[in-house]
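Reader: I'm new to this one and would like a close look at how a single helix sits among its neighbours. Could you walk me through it, and then show me how that fits with the rest?

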Amino acid sequence: MSGISVEQLRSSIAAALELVREGESAVTAAGEKLSAARAALAAATQGSNHQTVTGSQAALAHAEQTLDETLAATQAATEQAETYAATL
Amino acid sequence: MTDVQTYAAHLRNIVDSLPEAEARRGLDRLRKAQSALTVALRESHRPEVVKDLGRACESLETAIRQFAAVGTAVDDYLLAIGVGGASTSAVPLPAADAPAPVAATEPGPNWWRRRVCELTDDASGADAKSDPVGITDLFTRLVDAARRDDRTTYRRLLLTAPPEVAVRLPGLALPMIRNLASDRHGGLPTQRDVDRLRSTLDTRARRLLPRLPDHVTVDQVNAACGHAGRKAGGAGDTAAVDFAAIGPILVAVLHAIPPRPKSS
């Protein structure tokens, strides 16, 4: 075993989870801006079937989905880490 | 500004509004968290926590790549409707009821070559044939020609580059300019630091692009370093050509400056 105490371990986990929360906050802000950009692009290119337009709309939809996946993964990590910290 | 240019500016503003900065900030925090938890939990038999954060980082990286793809797709769309140009604009975002896309009056690659002829102060070659070339190859050859101060080759490469490829040069040049400027300055240069470099940059740029407007070198270094300022594209096609043409020169010039130790 290393020399790290339980208190130090709890403190390290708490500090890391604070970083996760900051990351989640940035991702949430990104999601809000992305929704606005998606709506603006849809309005600006309404009626266009050009493949670059459909491609950019698909890319934005994919980006939105991956932001959701990011938050789902961080929430899973947070729950696991908090559960572990509670058992210490 | 024509309706088409206004529409192009609107689309570029939408691209500029994509939350890449937020996503990168989130990615930075999650990577730090992952690193911290990797150390803290190394003896806990809880690898899934670290794996979940790794998955989160990968998703976020995918989102950032999608933002870049949207920028490219919008550039391609604007080229297709005859506007062309780089992916940013300083023009304020107009109302959402921007005009529908209409065909440009002068589509085709001549807008690119005409501007190259103007920048190089040589009217010949405006009807040159495009030479199919990939963006990385084009960039490498331009940097090499700039490094050798080979004006003839630099001009020929610009004239024969397919415009839809050449307008993406800033995508390769800007990150390199940022890294080189930081290395050579010993840290990310401020706008004032960039201004001090101006005469060096302008002198070298003018050897290859004698009619380049005064502000373009400094604007590109400032843009690369994330400083606010004039951006490419707002003035239409010419600004896009200027911004694309100067990047490889700046990379060559900065590369030739010896690095300084990092400032603390």
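Author: Let's start with a term we'll need: a crossing is called left-handed if the near helix is turned anticlockwise from the far one by less than a right angle, and right-handed if it is turned clockwise. Keep in mind throughout that this is a predicted model.

The helix to zoom in on is H5 of chain B, which covers residues 135-147. Take its partner H8(B) to begin with, residues 169-185. The two axes come within 9 Å and cross at roughly 55°. That angle makes H5(B) oblique to H8(B). As for the sense of the turn, H5(B) and H8(B) cross in a right-handed way.

Who touches whom here? On the H5(B) side you'll find B:Ile135, B:Thr136, B:Leu138, B:Phe139 and B:Leu142, and facing them from H8(B) are B:Leu169, B:Leu172, B:Ala173 and B:Met176. Sort the residues of this contact by character and you get eight nonpolar, one polar and no charged.

Now look at H5(B) against another neighbour, H6(B), made of residues 151-160. Here the axes are 8 Å apart and the packing angle is about 155°. Angles over 145 degrees count as roughly antiparallel, so H5(B) and H6(B) are roughly antiparallel to each other. This crossing is left-handed.

The contact involves B:Leu138, B:Arg141, B:Leu142, B:Ala145 and B:Ala146 from H5(B), with B:Thr153, B:Tyr154, B:Leu157 and B:Leu158 on the H6(B) side. Its residues come out as seven nonpolar, one polar and one charged. If you're colouring things in on your screen, B:Leu138 and B:Leu142 are worth picking out: they take part in the contact with H8(B) and also in the one with H6(B).

For another helix pair, hop over to chain A. H1(A) spans residues 6-44 and H2(A) spans residues 51-87; their axes come within 9 Å and cross at roughly 160°. H1(A) and H2(A) are therefore roughly antiparallel to each other. Their crossing is left-handed, and the contact between them holds 18 nonpolar, nine polar and six charged residues.

There's also a salt bridge to find in this pair. A:Arg38 pairs with A:Glu64, with the closest N and O atoms 2.3 Å apart. Since A:Arg38 lies in H1(A) and A:Glu64 in H2(A), the pair ties together parts that are 26 residues apart in sequence. Over all chains, the structure holds 23 salt bridges.

Finally, how do the two chains meet? In the interface, 42 residues of chain A are in contact with 43 residues of chain B. Together the chains bury about 3500 Å², and 74% of that is on carbon and sulfur atoms. Two salt bridges are found across this interface. One you can look up joins the side chains of A:Glu22 and B:Arg29, at 2.9 Å from N to O.

Terms used: Residues numbered from 1 in each chain as written. Chains lettered and ligands numbered in written order. Predicted model: local features only at pLDDT ≥ 70, side-chain atom pairs only at ≥ 80, totals over all residues. Heavy atoms only, no water. Axes fitted to C-alpha atoms, helices over the stretch in contact; angles between N-to-C directions. Helix = DSSP H or I, 4+ residues; strand = E, 2+ residues; numbered from the N terminus. Parallel < 35°, antiparallel > 145°, perpendicular 65-115°, else oblique. Contact = heavy atoms within 4.5 Å. Nonpolar A, V, L, I, M, F, W, Y, C, P; charged D, E, K, R; others polar. Buried area = accessible area lost by both parts, 1.4 Å probe. Salt bridge = Lys/Arg side-chain N within 4 Å of Asp/Glu carboxyl O.
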